[in-house]
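Grab a pencil and work through these exercises with the structure open beside you. Try each task before you read its solution.

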Amino acid sequence: MSHPTHSYDVLIVGAGGAGLRAAIEAAASGVSVGLICKSLLGKAHTVMAEGGMAAAMAHNDDRDSWRVHFADTMRGGQYVNNWRMAEIHAKEAPDRVRELEAWGAVFDRTKDGRINQRNFGGHRYPRLAHVGDRTGLELIRALQDHTIYLGVTVHMEHTVIDLVLDQGRAAGLLAYDRHRGTFQVFKAKAIILATGGVGRAFQVTSNSWEGTGDGHGLAYRAGAELIDMEFVQFHPTGMVWPPSVKGILVTEGVRGEGGILKNNQGRRFMFDDIPDNYKPQTASDPEEGWRYTQGDKSARRPPELLTRDHVARCINREVKAGRGSPHGGVYLDIAWIKEKLSGAEEHIKRKLPSMYHQFKQLADLDITKEAMEVGPTTHYIMGGIRVDGDSQMSTIPGLFAAGECASGINGANRLGGNSLSDLIVFGKRAGEYASAWAKEHPQPHVDEAALAQIEKTALAPFERGSSGENPYKVQEDLQVSMQALVGIVRTESEMKEALQRLVGFNDRAARVGVSGSREYHAGWHTSLDLRNLLTVSEAIALSAIERKESRGGHFREDYPDKVTEFSTINVMVKQSGDSMRVSRVPIPPIPDELKQVIEEQKS
Amino acid sequence: MISEATFKVWRTHPGGDGTLQTFHTKVSEGMVVLDVVHRIQAEQAPDLAVRWNCKAGKCGSCSAEINGNPRLMCMTRLSELNLMEPVTVEPMRTFPPIKDLVTDVSWNFRVKKGIQKFTPRPADAPDGTWRMAQRDVDRVQEFRKCIECFLCQDVCHVLREHNKHEEFIGPRFLVYAAQLEMHPLDTADRIPALKEEKGIGYCNITKCCTKVCPEHIHITDNAIIPLKERVVSRYYDPVTKLLQMFR
């Protein structure tokens with residue numbers, strides 16, 4: 001074989017927030033760094049993040065500290081989080097946010113000139129550093145514009161097909177250049193997966209096309225362990241109309257700025273169902289909720305800012321009970337604040353500029369005057385590659401993971417704002433530990449026969465030609481099935497049905513065919529993406545069947561309550577021969593010191 | 001709204017040239033041009049090449065020329081177009097074609113690397129942080145809204161018609177430079193480079209870039225003209241010249 005070959009100390013797959021932050025750290029340590037991304041640099045799904053990044057800097061409320069942030073994260077995750085990651089995240093996020101400013105990021109300011117922080121669901125104090133409602137763009141641009149001067153080699157519009165190991169250790173991978181369709185061999189001493197999420201396995205999603213579970217699939221096929229795959233976050237507020245934009249995110253920031261949820265009878269239904277463990281922190285009436293959103297420190301938050309899993313289920317319930325809006329959602333109203341604020345229209349446009357434009361341009365709706373229609377959308381997966389909390393190394397030596405494709409920090413449910421801070425905290429750590437690993441280990445051997453086998457699999461759709469199955473159709477049918485059978489509300493019988501259908505989808509995926517040249521061939525790309533989508537779909541369904549309780553993002557109609565037996569385990573899947581094996585792994589006992597932090601924050 | 005429409009989509013042929021291929025396709029309320037391209041891809045032309053990501057106007061990947069106008073495909077609703085006539089969808093013409101609607105925009109990434117990077121002043125506080133007032137960051141935040149769709153580069157006649165890619169960085173990177181120059185913390189001086197190497201003088205402020213910006217950045221008025229003024233006062237203002245002689 002004579003494919004172009006690239007060799008690096010540290011190779012990073014994915015150029016969103018985690019991948020870029022890892023690249024910066026690795027480059028700073030003096031090793032050679034390669035960065036592969038499916039899109040152009042700066043286009044990764046991170047750009048779509050809106051609300052902000054959570055860090056206990058205590059700029060807006062000096063009662064905040066890492067202890068409160070840690071306890072909030074654990075409570076949100078229903079205590080099945082990797083507590084070590086939650087601890088590191090809460091402690092290191094403030095420094096990670098501050099250094100972005102040294103790299104040119106321009107956050108919104110407080111009156112005394114510091115980084116301004118906003119309220120968000122599940123966070124006790126205003127904690128999200130933000131830039132209007134385009135914080136993700138600010139993060140990715142700051143990292144991108146810092147990275148390009150560091151000598152990192154960026155391979156844009158390349159897709160990784162499979163990893164290659166050398167005696168059980170990560171050694172390299174085969175990728176293809178999307179432009180030309182040519183194969184490229186990458187060798188590396190350490191590999192970091194930072195590939196993001198899996199939203200494209202579902203029909204209604206806020207994820208861009210890139211969210212096809214690539215890192216999850218690559219790691220799984222290489223023999224790594226995935227945990228918590230049953231925990232998928234359905235964000236409560238996605239657009240529901242017009243059909244072509246269904247699923248696009250409506251930031252939680254709308255509720256943080258005072259937006260309220262109403263059903264078609266005009267009832268503010270979130271006050272009807274407040275979970276016991278959140279009651280002490282939740283406003284007792286609309287007036288108190290409003291004061292909270294306006295920064296009154298004596299007020300408690302409105303129920304619209306309860307955790308995402310809970311709000312999503314409440315919306316789902318209203319719609320199913322026939323109290324929904326005309327297009328199958330509920331109403332999210334920010335326009336009402338004109339009763340409270342003079343100049344509300346300008347205030348909304350300044351605080352939520354991209355929401356204003358999004359609705360104006362895509363739905364002909366002025367959010368300063370009318371309520372939006374919103375409904376749940378597949379947003380994020382808490383589950384992913386099992387990693388060591390400190391180093392981010394997976395169960396395969398030399399293979400690291402960071403960001404959404406890694407698992408642990410979020411437990412059963414992620415708090416809004418904890419994702420962007422996760423990316424920079426653990427992206428940095430992955431870069432640091434991968435570089436250290438690369439310095440201590442020799443260049444592994446990449447087996448030619450393994451590469452040849454991967455290439456053969458990748459080209460199989462062309463062998464079958466256009467008489468094969470249409471890859472787009474298989475993808476669409478899979479998305480419909482996952483949405484209907486493994487969605488917000490789950491039951492054993494439906495999920496077993498989903499597994500049955502997955503057998504069929506796997507058969508069809510093995511028959512997909514495409515014709516034409518390999519250059520920028522979207523049909524071929526979709527054929528290859530299918531492998532990862534099918535892997536994560538099976539992992540989600542199997543794990544969700546295994547967890548016979550309801551917790552966080554995972555809600556079972558047949559087991560609607562939390563069960564103590566499941567509070568001490570994570571569900572894990574791993575490849576075993578040709579099949580996926582599911583098991584339970586115990587969560588290591590939490591140290592007394594951290595236990596105490598959780599207890600003292602419970603009041 | 002009519003239920004079927006005709007789209008003429010640019011298809012490249014092996015060898016490099018291309019033609020418009022006609023597709024008849026179903027359309028429904030609320031659709032955007034990118035939806036139509038995806039539908040054609042899924043039902044009629046699986047190898048049709050199109051670059052896209054977020055489909056929400058936030059990433060700037062799906063830039064194209066729709067009926068000759070540089071637009072994001074994901075933010076162009078069919079209700080804005082006359083569907084009684086065929087709608088043409090073509091790639092950005094200022095950049096070399098790769099395939100169908102996808103062009104080679106790598107020149108932009110090289111240009112950015114050539115601009116001196118952000119260079120902050122020493123921190124204001126002992127904890128390594130700075131203090132900035134919101135009113136002082138407002139104008140920089142306008143420039144930082146840029147999603148790098150490169151539509152401004154596509155429409156700029158200095159690049160499009162005169163091919164001055166080696167001598168002129170284009171509106172996108174004048175915005176990038178303005179953002180750095182006006183950043184309250186930045187200490188570097190990019191004015192000589194803007195005059196000598198980056199070709200700011202080529203811009204004759206026809207505002208074509210401003211008109212196509214999907215983020216509504218006032219590229220000409222707020223970024224380019226102030227930079228031009230800085231160049232003028234540095235190099236051509238008689239009072240400044242006189243002062244420089246005595247320095």
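**Exercise 1: a hairpin**

Find how strand 18 and strand 19 of chain A pair in this predicted model: parallel or antiparallel, and over how many bridges?

Step 1. Locate the strands: strand 18 of chain A covers residues 569-576, and strand 19 of chain A covers residues 579-586.

Step 2. Check the direction. The two strands pair in the antiparallel sense, over 8 bridges.

Step 3. Pick out one of the bridges: Gln575(A) has Met580(A) in strand 19 as its bridge partner.

Step 4. Look at the turn. The hairpin has 2 residues between the strands, and Gly577(A) takes a positive phi near 65° there.

**Exercise 2: where two chains meet**

Describe the contact between chain A and chain B: how many residues does each chain give, and what area is buried?

Step 1. Count the residues. Chain A brings 60 of them to the contact, and chain B brings 56.

Step 2. Turn to area. The size of an interface is often given as the accessible area lost when the parts come together. Here, about 4,800 Å² is buried between chain A and chain B, with carbon and sulfur atoms giving 55% of that.

Step 3. Find the top three contributors in chain A. Lys43(A), Tyr149(A) and Tyr520(A) supply 14% of the area that chain A buries against chain B, more than any other three residues.

Step 4. Now the polar side of things. Between the two chains there are 6 salt bridges, and 38 residue pairs are in polar contact. A salt bridge you can look up joins the side chains of Glu50(A) and Lys58(B), at 3.4 Å from N to O.

Step 5. Ask which elements take part. On the side of chain A that touches chain B, helix 3, helix 4, helix 10 and helix 15 each give two or more residues. The largest share, 7 residues, comes from helix 10 of chain A.

Step 6. Sort that side of chain A by residue type: 27 are nonpolar, 16 polar and 17 charged.

**Exercise 3: a serine in a loop**

Work out whether Ser208(A) is buried or exposed, and which residues it touches.

Step 1. Place it first: Ser208(A) sits in the loop of chain A between strand 9 (183-193) and helix 5 (214-221).

Step 2. Apply the cut-off. Buried means under 20% relative accessible area. Ser208(A) has 1%, so it counts as buried.

Step 3. List the contacts, leaving out residues up to four places away in sequence. Ser208(A) touches His45(A), Met48(A) and Arg200(A), as well as Asn53(B) and Cys54(B) from chain B.

**Exercise 4: a salt-bridge network**

Which residues are linked to Arg21(A) in a network of salt bridges?

Step 1. Start with one pair. The side chains of Glu25(A) and Arg21(A) meet in a salt bridge of 2.9 Å, N to O. They are 4 residues apart in helix 1 of chain A, so about one helical turn separates them. Both Glu25(A) and Arg21(A) are buried.

Step 2. Move to helix 3 of chain A. There, Arg96(A) and Glu99(A) are 3 residues apart, about one turn of the helix. Their side chains meet in a salt bridge of 2.7 Å, N to O. Arg96(A) is buried at 10% relative accessible area, and Glu99(A) is buried at 17%.

Step 3. Put the network together: Arg21(A), Glu25(A), Arg96(A), Glu99(A), Lys428(A) and Glu432(A) are linked.

Step 4. Try another salt bridge, between Arg180(A) and Asp177(A), whose closest N and O atoms are 2.3 Å apart. Arg180(A) is exposed at 52%, whereas Asp177(A) is buried at 4%.

**Exercise 5: backbone oddities**

What sign does phi have at Ala58(A) and at Gln78(A), and where do these residues lie?

Step 1. Read off Ala58(A). Its phi is positive, about 60°, although it is not a glycine. Ala58(A) is in the loop between strand 3 and helix 2 of chain A, and its 17% relative accessibility makes it buried.

Step 2. Do Gln78(A) next. Its phi is also positive, about 60°, and it is not a glycine either. Gln78(A) lies in the loop between helix 2 and helix 3 of chain A, where it counts as buried at 11%.

Step 3. Finish with a peptide bond. The one from Trp241(A) to Pro242(A) is cis, with omega near -5°. Pro242(A) belongs to the loop between strand 11 and helix 6 of chain A.

Terms used: Residues numbered from 1 in each chain as written. Chains lettered and ligands numbered in written order. Predicted model: local features only at pLDDT ≥ 70, side-chain atom pairs only at ≥ 80, totals over all residues. Heavy atoms only, no water. Buried < 20%, exposed > 50% of the residue type's maximum accessible area, 1.4 Å probe, protein only. Contact = heavy atoms within 4.5 Å. Pairing = 2+ DSSP bridges. Buried area = accessible area lost by both parts, 1.4 Å probe. Salt bridge = Lys/Arg side-chain N within 4 Å of Asp/Glu carboxyl O. Polar contact = N/O pair within 3.5 Å; in protein donor to acceptor, adjacent residues only side chain to side chain. Nonpolar A, V, L, I, M, F, W, Y, C, P; charged D, E, K, R; others polar.
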